[in-house]
Amino acid sequence: MVLDIRNPETFQGPDSPSDDDLATCVHCGLCLNYCPTFRVTGLETESPRGRIYLMTQWKRGGLPFTEDQLRHIDLCLGCRTCEAVCPSGVPYGRIIERGRAEVERLRRPNLRSLLVRQALRGLLAHPGRLRAAGALTRMAQRLRLTSVVPQSRTLPRLSQPFQPPEDGVAPAIGERRCRVAFLTGCVMPIFYPRAHDASVRLLQMAGCDVWFPPDQRCCGALFAHNGDLEGARRLRDLNERAFGMEAFDFLIVNSAGCGAHLKDFYPGLGSRVRDLTEFLVEAGLPEPRRELKLRVTYQDACHLVHAQRVRKQPRRLISSLPGVELVEMAHPDICCGSAGIYNAVQPRMSRRILEEKLDDLLTTGPQVVVTANPGCQMQLEAGLRSRGRGDIAVKHIAELLVEAY
Ligand code: SF4
Ligand code: SF4
């Protein structure tokens, strides 16, 4: 079906992908076998090259803007694996972010788009509402009322959310070497408070005063990745103001998707943003005190390895732990199918990608799977449970590191 085109300049709105960015693709096809959706389907239309071609033709008017073709854009995980392997330097992250914004502007409203927008603008952007939703879910899980709050079955078991110190600063342990700001984020303090506690502890041990700007909000990554650039810009303005209230040396982020977004989308802050692992390798940690005796495998978070190109640092930190054996799985840097809210809006494709990941991961016989992103953690936990392997722990890298102290 050809959509009614409400804007006469189809796919040429102010946020559409630029001609220059689209033209960097030379159609060599070297990215194809790295793309998770192409690997599953074998279809050109589900490949980076196919998606770039589609957007280019929409822009030029060479192909009609049709509902069934939007599916190919919707099915992209935004994992940016293609960007990392492209010899021509295609800025695919920027292309798909802008392409999605343009698709959302032009497409006929549908229930899924409306629900996504409502979840983002009505919930994620409001810390108070998120905390209330977290408290309700926690209660439903405790009372086993999971039919009342259906998502509480798939979420991790919630405990008390992360609370920054009352005076807003966690002081350095030992010699004070620098002052860092910490992004608490939107869902991480509710879903994975232990990862935050561990991250802050490690930063303190590395000699940092850790400051928590009180008015910080969700960074807006999920907004930008789902076609709501306007919402992402609004959150950026609020955060640039909140983080501008006091001086700091680095802004530390322990969630890969948020870190990549801050580096790319926040001109006023991006150059000071560091992933936790990147920073800890630079700053150095004291000698670990405990031997852990664990067989561990590491799943790269796409927005850490492909978008931020942080590959060696997490491995170096894990390998430095006494008694820990790091066993690499096949394709550790291929997406697990989580991709923000992709697993909720594209459950079938997400599941197919996850199954391959679980096969690779289980082959290593791990006791612990380590990652650096809450979405991957949740996806892998759910996947392992579904295979009856809930005995394998999935941990944020900070949780594993802090155990050695
Ligand atoms: S995105 Fe890069 S690797 Fe893929 S076809 Fe285009 S130029 Fe080649
Ligand atoms: S971002 Fe990921 S899923 Fe999308 S085209 Fe690139 S490799 Fe494929």
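Let's start with Phe248, which is buried in this predicted model. Its relative accessible area is 7%, and anything under 20% counts as buried. Now look for a ring beside Phe248. You'll find Phe243, with the two ring centres 6.4 Å apart. The planes of Phe243 and Phe248 sit at 70 degrees, so this pair is edge-to-face; the cut-off for that label is over 60 degrees. Phe243 is buried as well, because its relative accessibility comes to 2%.

Phe248 has another partner, and this one isn't a ring. Arg272 lies over the face of Phe248, at 4.2 Å from the ring centre. You can spot a similar arrangement at Phe265, where Arg236 lies over the ring's face, 4.6 Å from its centre.

How many aromatic pairs turn up across the whole structure? A full search finds eight. To describe such a pair, you give the distance between the ring centres and the angle between the planes.

Try that on Phe162 and Phe212: the centres are 5.9 Å apart and the planes are at 45 degrees, so we call this pair tilted. What makes it fun to trace is where the partners come from. Phe162 belongs to the loop between helix H8 (127–142) and strand S1 (169–170), while Phe212 is in the loop between strand S3 (208–211) and helix H11 (221–225). That puts them 50 residues apart, so the pair links distant parts of the chain. Both rings are tucked away too: Phe162 counts as buried at 9% relative accessibility, and Phe212 does at 4%.

Finally, head over to Phe11, Trp58 and Phe65, which ring pairs link into a cluster.

Terms used:
Residues numbered from 1 in each chain as written. Chains lettered and ligands numbered in written order. Predicted model: local features only at pLDDT ≥ 70, side-chain atom pairs only at ≥ 80, totals over all residues. Heavy atoms only, no water. Phe/Tyr/Trp six-rings, centres within 6.5 Å; stacked < 30°, edge-to-face > 60°. Helix = DSSP H or I, 4+ residues; strand = E, 2+ residues; numbered from the N terminus. Buried < 20%, exposed > 50% of the residue type's maximum accessible area, 1.4 Å probe, protein only. Lys NZ or Arg CZ within 6 Å of the ring centre and 35° of its normal.
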